[in-house]
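Subject: Structure handover

Hello,

I am passing this structure on to you. Please open it first, then read the notes below.

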Amino acid sequence: MSDYLKLLLRRALQNSDPSLLQVAFDVAVLDDYHGNAAYTIIRTDTVGRLKKERGWSIDFGIAPDESAIHASWQTLATALPEAERERWAMHAVTLAAVSEMFLRMQLSPSACHDDGEVRPW
(Lines give C-alpha, C1' and ligand atoms only; values in the text may rest on other atoms or scores of the structure.)
Protein backbone atom coordinates (compact mmCIF):
# COMPACT_ATOMS: atom_id res chain seq x y z
CA MET A 1 0.00 0.00 0.00
CA SER A 2 1.22 3.48 -0.86
CA ASP A 3 2.80 5.46 1.99
CA TYR A 4 0.63 8.43 1.00
CA LEU A 5 -2.51 6.30 1.14
CA LYS A 6 -1.51 5.12 4.62
CA LEU A 7 -0.98 8.73 5.71
CA LEU A 8 -4.31 9.79 4.23
CA LEU A 9 -6.12 6.92 6.00
CA ARG A 10 -4.36 7.65 9.27
CA ARG A 11 -5.33 11.32 9.06
CA ALA A 12 -8.95 10.43 8.30
CA LEU A 13 -9.12 8.05 11.27
CA GLN A 14 -7.29 10.31 13.72
CA ASN A 15 -9.57 13.22 12.86
CA SER A 16 -12.74 11.13 12.49
CA ASP A 17 -12.99 12.75 9.06
CA PRO A 18 -13.75 10.52 6.08
CA SER A 19 -13.65 13.40 3.59
CA LEU A 20 -10.25 12.44 2.16
CA LEU A 21 -11.03 8.74 1.76
CA GLN A 22 -10.65 7.66 -1.85
CA VAL A 23 -13.31 5.99 -3.98
CA ALA A 24 -12.21 4.27 -7.20
CA PHE A 25 -13.96 3.91 -10.54
CA ASP A 26 -13.26 2.07 -13.76
CA VAL A 27 -11.89 4.61 -16.23
CA ALA A 28 -14.92 3.82 -18.44
CA VAL A 29 -16.90 6.18 -16.18
CA LEU A 30 -15.40 8.96 -18.31
CA ASP A 31 -16.60 7.49 -21.63
CA ASP A 32 -19.96 9.28 -21.65
CA TYR A 33 -18.21 12.64 -21.25
CA HIS A 34 -15.76 12.15 -24.16
CA GLY A 35 -16.98 13.86 -27.30
CA ASN A 36 -19.66 15.82 -25.44
CA ALA A 37 -19.00 19.52 -26.00
CA ALA A 38 -20.43 20.37 -22.58
CA TYR A 39 -17.54 18.57 -20.84
CA THR A 40 -13.77 18.89 -20.81
CA ILE A 41 -11.45 16.19 -19.53
CA ILE A 42 -7.81 17.11 -19.03
CA ARG A 43 -4.94 15.31 -17.37
CA THR A 44 -1.30 15.31 -16.49
CA ASP A 45 0.69 12.11 -15.96
CA THR A 46 -1.22 10.96 -12.86
CA VAL A 47 -4.07 13.40 -12.13
CA GLY A 48 -7.03 14.70 -14.09
CA ARG A 49 -10.08 16.94 -14.06
CA LEU A 50 -13.57 16.49 -15.46
CA LYS A 51 -15.39 19.79 -15.88
CA LYS A 52 -18.85 20.61 -17.11
CA GLU A 53 -18.97 23.92 -18.96
CA ARG A 54 -20.28 26.61 -16.58
CA GLY A 55 -20.89 23.89 -13.99
CA TRP A 56 -19.28 21.39 -11.69
CA SER A 57 -15.82 19.82 -11.79
CA ILE A 58 -14.10 16.86 -10.21
CA ASP A 59 -10.38 16.38 -9.71
CA PHE A 60 -9.20 12.77 -9.69
CA GLY A 61 -6.14 10.60 -9.49
CA ILE A 62 -5.20 8.16 -12.25
CA ALA A 63 -4.04 4.67 -11.29
CA PRO A 64 -0.58 3.77 -12.66
CA ASP A 65 -2.02 1.35 -15.24
CA GLU A 66 -4.69 3.93 -16.22
CA SER A 67 -7.50 1.39 -15.77
CA ALA A 68 -9.06 3.31 -12.88
CA ILE A 69 -9.47 6.79 -11.48
CA HIS A 70 -10.05 7.79 -7.87
CA ALA A 71 -11.44 10.82 -6.07
CA SER A 72 -12.02 11.84 -2.48
CA TRP A 73 -15.33 11.10 -0.83
CA GLN A 74 -15.74 14.82 -0.10
CA THR A 75 -15.35 15.80 -3.76
CA LEU A 76 -17.82 13.17 -4.88
CA ALA A 77 -20.35 14.08 -2.18
CA THR A 78 -20.16 17.83 -2.76
CA ALA A 79 -19.30 18.32 -6.44
CA LEU A 80 -20.86 15.39 -8.27
CA PRO A 81 -24.46 16.27 -9.16
CA GLU A 82 -27.13 13.88 -7.95
CA ALA A 83 -28.09 13.08 -11.55
CA GLU A 84 -24.55 11.74 -12.19
CA ARG A 85 -24.16 9.63 -9.05
CA GLU A 86 -25.88 6.47 -10.30
CA ARG A 87 -23.62 6.35 -13.38
CA TRP A 88 -20.55 6.70 -11.20
CA ALA A 89 -21.79 4.10 -8.70
CA MET A 90 -22.16 1.59 -11.53
CA HIS A 91 -18.45 2.02 -12.34
CA ALA A 92 -17.15 1.70 -8.76
CA VAL A 93 -14.22 -0.69 -8.34
CA THR A 94 -11.93 -1.79 -5.55
CA LEU A 95 -9.03 0.60 -5.08
CA ALA A 96 -5.95 -1.41 -6.00
CA ALA A 97 -3.45 1.21 -7.12
CA VAL A 98 -3.50 4.95 -6.62
CA SER A 99 -1.89 8.08 -8.00
CA GLU A 100 0.58 9.06 -5.30
CA MET A 101 0.81 12.58 -6.75
CA PHE A 102 -2.95 13.02 -6.40
CA LEU A 103 -2.76 11.86 -2.77
CA ARG A 104 0.05 14.37 -2.13
CA MET A 105 -2.20 17.04 -3.63
CA GLN A 106 -5.05 15.99 -1.34
CA LEU A 107 -2.79 16.12 1.72
CA SER A 108 -1.20 19.48 0.78
CA PRO A 109 -3.70 21.30 -1.45
CA SER A 110 -1.91 24.66 -1.36
CA ALA A 111 1.49 23.28 -2.35
CA CYS A 112 2.87 23.38 -5.89
CA HIS A 113 2.96 19.97 -7.59
CA ASP A 114 4.72 19.31 -10.90
CA ASP A 115 3.16 16.37 -12.69
CA GLY A 116 3.92 16.90 -16.36
CA GLU A 117 2.11 18.83 -19.05
CA VAL A 118 -1.66 19.34 -18.96
CA ARG A 119 -3.32 17.71 -21.98
CA PRO A 120 -6.70 16.47 -23.11
CA TRP A 121 -7.61 12.99 -21.96
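Here is what was found, element by element.

Keep in mind that this is a predicted model.

**The paired strands**

Start with strand 2 (39–43). Strand 2 runs antiparallel to strand 3, and 5 bridges join them. The two strands form a hairpin, with 3 residues between them. One pair to look up is Ile 42 and its bridge partner in strand 3, Arg 49.

Now follow strand 3 (47–52) on to strand 4 (residues 57–62). These two also run antiparallel, joined by 5 bridges. Leu 50 has Ile 58 as its bridge partner in strand 4. The hairpin of strand 3 and strand 4 has 4 residues between the strands. In that hairpin, Arg 54 takes a positive phi near 50°.

A general point helps when you look at these strands. In a regular strand, side chains alternate between the two faces of the sheet.

**The largest pocket**

Which residues line the largest pocket? They are Ile 42, Arg 43, Thr 44, Val 47, Gly 48, Arg 49, Asp 59, Phe 102, Met 105 and Val 118. Strand 2, strand 3 and helix 4 each give two or more residues to this lining. Strand 3 gives the most, with 3 residues. By class, the lining has 5 nonpolar, 2 polar and 3 charged residues. The volume of the pocket is about 190 Å³. Ile 42 and Arg 49 both belong to the lining, and they are also bridge partners.

**The loop before strand 7**

Next, go to the loop between helix 4 (100–107) and strand 7 (119–120). Two of its residues are worth a look.

Val 118 lies in this loop and is part of the pocket lining. Is Val 118 buried or exposed? It counts as exposed, because its relative accessibility is 56% and the cut-off for exposed is over 50%. Leaving out residues up to four places away in sequence, Val 118 touches Ile 42, Arg 43 and Thr 44. Those three residues also line the largest pocket. Val 118 and Ser 99 are 19 residues apart along the chain, and their C-alpha atoms are separated by 16 Å.

Gly 116 is found in this loop too. Its relative accessibility is 36%, so it counts as partly exposed. With residues up to four places away in sequence left out, Gly 116 touches Thr 44 and Asp 45. Thr 44 is thus a contact of Gly 116 and of Val 118. From Gly 116 to Leu 30 is 86 residues in sequence and 21 Å in space, C-alpha to C-alpha.

**The nonpolar cores**

Leu 30 takes us to the largest nonpolar core, which has 17 residues. Leu 30, Tyr 33, Leu 50, Phe 60 and Trp 88 touch the most other members. Strand 2, strand 4, strand 5 (68–72) and helix 2 (73–79) each supply at least two residues of this core. Strand 4 has the largest share, 3 residues.

What does Leu 30 contact, leaving aside its neighbours within four places in sequence? The contacts are Ile 41, Leu 50, Phe 60, Ile 69 and Trp 121. Leu 50 is also the bridge partner of Ile 58.

There is a second, separate core of 6 residues. Leu 8, Leu 20, Leu 103 and Leu 107 are among them.

Best wishes

Terms used
Residues are numbered from 1 along each chain as its sequence is written. This is a predicted model: local features need pLDDT of at least 70, side-chain atom pairs count only at pLDDT 80 or more; totals for chains, interfaces and linings use all residues. Side-chain values use heavy atoms; hydrogens and water are left out. Buried means under 20% relative accessible area, exposed over 50%, partly exposed in between (1.4 Å probe, protein chains only). Contact means heavy atoms within 4.5 Å. On a 1 Å grid over the protein atoms alone, a cavity is a set of points where a 1.4 Å probe fits but cannot get out, and a pocket is an open set with protein on both sides within 12 Å along at least five of seven lines; lining residues have an atom within 4 Å of a point. Grid points are joined across faces, edges and corners, and a volume is the space filled by probe spheres set on the points. Ala, Val, Leu, Ile, Met, Phe, Trp, Tyr, Cys and Pro count as nonpolar, Asp, Glu, Lys and Arg as charged, and the others, Gly among them, as polar. Two strands pair if DSSP finds at least two bridges between them. A nonpolar core is a set of buried Ala, Val, Leu, Ile, Met, Phe, Trp, Tyr and Cys residues joined through side-chain atoms within 4.5 Å.
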